[in-house]
Structures are given as structure tokens and as C-alpha cells.
Amino acid sequence: MALSFDHLFGGRLRFNVVNGSTASLREYGLHVEHDERYELSAEYWSIVKRLTAGRSSTTRGASTT
């Protein structure tokens with residue numbers, strides 16, 4: 001659906017990603033502070049971009065290949 005929207009409206013689809021707060025993520029067992037949260041989010045979205053571009057992605061901790 002997102003790709004259809006993006007195509008129909010000339011590349012105007014944007015996502016605003018909020019990666020949660022330290023306190024809320026602790027409730028789910030993820031104990032990371034502010035900077036680590038943003039690093040984790042950046043890693044996640046870099047993988048999503050690779051996969052949606054048709055490329056493969058392998059993760060090992062905080063690195064992607």
C-alpha cells in the first residue's frame with residue numbers, strides 16, 4: 001500500500017518514526033539509553049531500506065552487510 005501511495009502521489013510519502021522512550025522500552029525488556037535507542041533505530045531502518053530495495057541484509061550485532 002505504501003508503494004502504491006508513493007507512486008500515485010509522486011514520491012510524497014514520508015514516515016515519521018518515533019523510537020519510543022527509555023522508560024517505555026524497558027517495559028518490553030529493552031534496556032537501552034537515548035543514544036543507543038537512536039543507533040538501534042538507524043540500524044533497523046538501514047536494514048528495511050536494503051530489503052525494500054531488493055538487496056539482502058545480514059546482521060551481526062550493530063553491523064549490517
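Okay, let's start with contacts. If you take the contacts in this protein between residues at least 6 apart in sequence, 5% of them join residues at least 24 apart. Keep in mind that what you have in front of you is a predicted model.

So what is the chain built from? The secondary structure comes to three helices and two strands. Going along from the N terminus, the elements run α-α-α-β-β.

Now, the overall shape. How does the radius of gyration sit against that of a compact globule of 65 residues? The globule would come out near 11 Å, but this protein has 15 Å. If you lay the C-alpha trace along its principal axes, the spans are about 40 × 25 × 15 Å. And of the 65 residues, 12% count as buried.

Let's look at one of those buried residues, Ser41. You'll find Ser41 in helix 3, which covers residues 34-52. Its relative accessible area is 16%, and buried means under 20%, so Ser41 makes the cut. Which residues does Ser41 touch, once we leave out anything up to four places away in sequence? Those are Val17 and Asn19.

Next stop, Val18. Val18 lies in the loop between helix 1 and helix 2, and helix 2 is residues 22-26. Is Val18 buried or exposed? With a relative accessible area of 69%, Val18 is exposed. How far is Val18 from Ser46, going C-alpha to C-alpha? They are 15 Å apart in space, and in sequence they are 28 residues apart.

On to the aromatics. A pair of aromatic rings is described by the distance of the centres and the angle of the planes. How many aromatic pairs does a search of the whole structure find? Two. One of them is Phe5 with Phe9: the ring centres are 4.7 Å apart and the planes sit at 40°. Why do we call that pair tilted? Planes under 30 degrees apart would count as stacked and over 60 as edge-to-face, so an angle of 40° leaves Phe5 and Phe9 as tilted. As for the surface, Phe5 has 38% relative accessibility, so Phe5 counts as partly exposed. Phe9 is partly exposed too, at 43%.

Then there's the pair of Tyr44 and Trp45. Here the ring centres are 4.9 Å apart and the planes are at 85°, so this pair is edge-to-face. Tyr44 counts as partly exposed at 49% relative accessibility. Trp45, with a relative accessible area of 30%, is partly exposed as well.

Hang on to Trp45, since we meet it again in the largest pocket. About 320 Å³ of space lies in that pocket. The residues lining the pocket are Ala2, Leu3, Asp6, Leu13, Arg14, Phe15, Trp45, Val48, Lys49 and Thr52. Which elements give two or more residues to this lining? Helix 1, residues 2-8, and helix 3. Helix 3 provides the largest share, with four residues. What's the chemical mix of the lining? It divides into six nonpolar residues, one polar and three charged.

To recap: we've got three helices and two strands, a radius of gyration of 15 Å, two aromatic pairs, and a largest pocket that takes four of its lining residues from helix 3. That's it from me, thanks for listening!

Definitions and conventions
Residues are numbered from 1 along each chain as its sequence is written. This is a predicted model: local features need pLDDT of at least 70, side-chain atom pairs count only at pLDDT 80 or more; totals for chains, interfaces and linings use all residues. Side-chain values use heavy atoms; hydrogens and water are left out. Rings of Phe, Tyr and Trp (its six-membered ring) pair if their centres lie within 6.5 Å; planes under 30 degrees apart count as stacked, over 60 as edge-to-face and the rest as tilted. Buried means under 20% relative accessible area, exposed over 50%, partly exposed in between (1.4 Å probe, protein chains only). Contact means heavy atoms within 4.5 Å. On a 1 Å grid over the protein atoms alone, a cavity is a set of points where a 1.4 Å probe fits but cannot get out, and a pocket is an open set with protein on both sides within 12 Å along at least five of seven lines; lining residues have an atom within 4 Å of a point. Grid points are joined across faces, edges and corners, and a volume is the space filled by probe spheres set on the points. Ala, Val, Leu, Ile, Met, Phe, Trp, Tyr, Cys and Pro count as nonpolar, Asp, Glu, Lys and Arg as charged, and the others, Gly among them, as polar. The radius of gyration is taken over C-alpha atoms; the globule rule is 2.2 Å times the number of residues to the power 0.38.
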